[in-house]
Amino acid sequence: MQLFIWFIYVLASLAVASYFRMKLFNGTVAVFCLFVVGSILGIIGEFSWLLFLIAAIPLNIESIRKQYLTTPILNSFRKIMPEMSSTEKDAIDAGTVWWDGELFSGNPNWQTLHNIPQARLTADEQAFLDGPVEEVCKMCDDWEVTHKKADLSPEIWQFLRDHKFFAMIIKKEYGGLAFSAYAQSRVLQKLSSISAVLSTTVGVPNSLGPGELLQHYGTKAQQDHYLPRLATGEEIPCFALTGPEAGSDAGSLPDTGIVCKGQWQGEEVIGLSLTFNKRYITLAPVATVVGLAFKMFDPDGLLGDTKDLGITCALLPRDTAGMEIGNRHFPLNVPFHNGPIRGKDIFVPLDYIIGGAEMAGQGWRMLVECLSVGRVITLPSSSAGGAKSIALATGAYARIRRQFKLPVGKMEGIEEKLGSIGGNAYLMEAVTSFSTKGVDIGEKPSVIGAICKYHLTEKMRQTVAESMDIHGGKGVMLGPNNYLGRAYQGAPIAITVEGANILTRNMMIYGQGAMRCHPYVLDELLAANNQDDDEALEQFDRAVFGHIGFAFSNFFRSIWFSLSGAHLASAPFKDDTARYYRTMQRYSTNLAFLSDVSMAMLGGELKRRERLSARLGDVLSYLYLASCVLKRFDDEGRQATDLPLVHWAMQDSLYKLEVALEELLNNFPSKILGKALKLIIMPFGKSYKRPSDKLEHKIAGILQTPCEARDRLGKGQFLSREPGCLLGDLEQTLENVLAAEPIYNTVCKAAGQYLPFTELNLVAEKGLELGVISEEQAELLRETEKGRLRTINVDDFDPAELIQSVEKPKPKRKPRTVKSA
């Protein structure tokens with residue numbers, strides 16, 4: 001019994017020191033003090049003190065610790081350390097660690113989260129949204145673009161050039177707009193509510209491409225030549241990275257640039273012989289300048305001793321001799337300009353390399369650094385904008401459309417879908433606002449960029465599919481009055497580009513996150529690769545013992561949070577959101593603990609266990625998404641009417657996080673260890689369920705009724721009430737239906753019968769005949785009927801109108817004459 005008490009006492013002493021994450025010396029002093037108390041109480045004896053001193057002295061005397069502990073560990077670590085390719089090293093080095101690092105810390109500082117300023121537009125940015133963006137949305141007829149012309153009109157192209165839509169990222173000194181990342185996001189969200197072709201056309205030049213690469217890495221001559229032309233739209237850029245043999249695995253580029261001598265403008269110069277085959281290149285058919293990624297080789301040593309220089313980026317004018325460009329792909333009936341680019345043995349001078357010859361081989365680093373920013377903005381913003389517009393449109397449609405003598409939005413099956421649509425739209429806007437603010441304060445969040453790209457494009461796909469379920473035939477029948485069909489067709493496009501989503505989830509989010517966000521792992525790897533043994537030992541000693549303390553802390557904190565349900569964890573607010581903060585602190589600790597266990601057990605094998613890595617990435621992702629929701633709710637003044645949306649987004653995220661945890665532990669490589677970890681992490685099973693029916697009923701009500709919460713949900717979307725704006729017409733019809741219902745009820749009561757809520761023009765005449773409504777009220781009923789019919793009707797066509805082209809008859813072949821032998 002005495003031994004058991006002693007064991008519990010020692011364990012408790014270690015647990016307390018670990019829980020509060022004391023430094024090694026401070027923790028040793030704390031345990032020493034507890035041992036003194038234990039001696040006074042008769043619990044700690046001489047043998048216990050001997051064990052304590054055997055452990056404490058070598059750990060706290062630096063020279064002994066380094067010689068007998070750190071050095072053997074470092075030597076072993078170097079033997080088992082996973083090898084990293086150059087592309088992996090560049091990806092890990094690229095970008096910065098921001099709030100994702102706090103989530104990986106096991107103890108996120110919520111005050112840090114809420115001290116980050118709210119994303120806001122400047123006066124110039126707001127004026128651009130209210131002026132040129134609003135105007136170009138009015139000019140755009142998506143049916144004309146997608147079905148008849150397969151392109152934006154010449155007037156829209158010119159408008160985009162004139163108002164510098166392609167220059168949002170370009171500095172003012174070169175004639176650009178120099179907008180914030182948040183402003184770019186808001187522009188793309190608004191454009192996406194009218195046309196995916198329009199938003200894509202504007203988004204790509206402002207994302208990864210020549211403009212951004214030139215500003216960061218170009219020579220002064222390249223910047224002075226190209227950037228003013230890009231700002232005015234005189235030059236249209238594209239960037240050629242992907243090819244048939246290298247999609248998501250950009251490191252396997254087969255495209256080459258061989259250093260050689262050749263003729264250029266009448267002189268023999270050192271340049272590059274380029275051979276490349278690219279596809280899926282957005283804006284390629286209309287681009288005037290092509291950014292090209294290729295592997296650069298110097299077999300004859302014309303530039304130095306290095307033969308394989310690595311991935312390099314160059315700029316090629318459209319009229320470069322030998323370059324094949326202009327053909328188009330046809331991406332799922334969303335015909336933004338996209339096509340192949342090819343070239344064989346094209347000779348160009350070295351000064352075509354972005355940044356000049358000294359940037360040879362630096363292309364992959366350039367790309368991943370810029371991509372970490374672009375992935376936060378373009379696709380997530382278009383997805384969020386689409387989801388917001390769909391949420392408003394679907395809510396309006398569900399309230400206007402009637403079946404079985406009531407609005408379909410009152411049916412519980414429809415409410416379930418509306419709850420998901422509204423909750424995800426709220427979350428997606430939260431993610432884009434917070435993430436772009438990170439870019440604006442100087443972060444290059446590569447891990448967060450991967451999270452944003454994957455989860456928001458997946459949520460857009462889910463949202464549009466759920467909206468199609470509600471719209472039924474209205475969504476299926478393409479035509480000028482279908483505001484949903486093209487979004488449904490085009491949803492897979494965002495899933496495949498900028499790194500396929502399967503790759504992003506299974507390899508990138510956690511693959512980079514574990515290295516970049518863990519407070520010690522990257523330092524350990526850098527120390528192990530350090531060729532200076534003394535420096536390496538110093539760095540590794542600091543990192544590895546910090547790591548050991550970190551692991552012990554997360555082990556004890558995980559046990560405590562699991563047993564207590566995290567009820568005693570801290571939360572910055574004492575309201576309905578407090579439990580979410582506490583739960584997230586618990587799962588942040590669990591993530592850090594499970595990461596250490598997984599890395600210790602699998603080492604370099606972890607990156608090849610993709611499903612294990614994906615589930616750990618899911619935990620990090622849902623912690624990030626949930627953080628954005630809490631940040632948005634606080635930034636917008638903690639509006640009580642938004643709480644149903646907040647609760648749905650939080651509960652859905654935390655439920656999915658727990659599912660990922662459970663699947664991770666159930667499929668852990670060691671079944672015994674998996675069960676033990678599950679006992680530590682989830683001793684009582686999952687804490688969260690799917691959002692309730694009651695909660696989704698409240699969200700369905702918000703989407704179907706004009707109110708402040710609904711206005712905040714759809715803020716910034718194109719909802720003009722002018723003719724031709726389908727979403728604006730829906731909004732007006734929704735308001736008319738709600739205003740007409742009391743008038744309709746008055747007529748029914750006076751008539752002594754229940755009239756169908758159809759042919760409201762006849763109801764108007766009945767009301768006037770009975771003398772119970774005014775002419776103004778009758779006119780409202782007539783207008784409501786017109787809008788109601790526009791909402792529920794679908795387009796039909798003369799068969800000939802759907803035929804886009806007639807195949808020309810092939811010339812008849814002449815019969816061959818067979819000569820006799």
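Is arginine 638 buried, partly exposed or exposed, and what is its relative accessible area? Arginine 638 turns out to be partly exposed, with a relative accessible area of 21%. Please keep in mind that this is a predicted model. Below you will find a helix pair, H16 and H17, that packs at about 155°, followed by a look at leucine 283 and arginine 638, whose phi values are positive.

**The H16–H17 pair**

- Helix H16 covers residues 412–440 and helix H17 covers residues 446–471; their axes lie 10 Å apart, at an angle of about 155°.
- Angles over 145 degrees count as roughly antiparallel, and H16 and H17 are therefore roughly antiparallel to each other.
- The two helices, H16 and H17, cross in a left-handed sense.
- On the H16 side, the contact residues include Ile414, Leu418, Ile421, Leu427, Met428 and Val431.
- On the H17 side, Ile448, Cys452, Leu456, Met460 and Ile470 are among the partners.
- Sorted by class, the contact of H16 with H17 has eleven nonpolar, seven polar and four charged residues.

**Leucine 283**

- You will find leucine 283 in the loop between strand S3 (267–282) and strand S4 (289–297).
- Its phi is near 75°, a positive value in a residue other than glycine.
- Leucine 283 is buried, with a relative accessible area of 1%.

**Arginine 638**

- Arginine 638 sits in the loop that runs between helix H24 (610–635) and helix H25 (643–666).
- Here phi is near 50°, again a positive value in a residue other than glycine.

Methods:
Residues numbered from 1 in each chain as written. Predicted model: local features only at pLDDT ≥ 70, side-chain atom pairs only at ≥ 80, totals over all residues. Heavy atoms only, no water. Axes fitted to C-alpha atoms, helices over the stretch in contact; angles between N-to-C directions. Helix = DSSP H or I, 4+ residues; strand = E, 2+ residues; numbered from the N terminus. Parallel < 35°, antiparallel > 145°, perpendicular 65-115°, else oblique. Left-handed = near helix turned anticlockwise from the far one by under 90°. Contact = heavy atoms within 4.5 Å. Nonpolar A, V, L, I, M, F, W, Y, C, P; charged D, E, K, R; others polar. Buried < 20%, exposed > 50% of the residue type's maximum accessible area, 1.4 Å probe, protein only.
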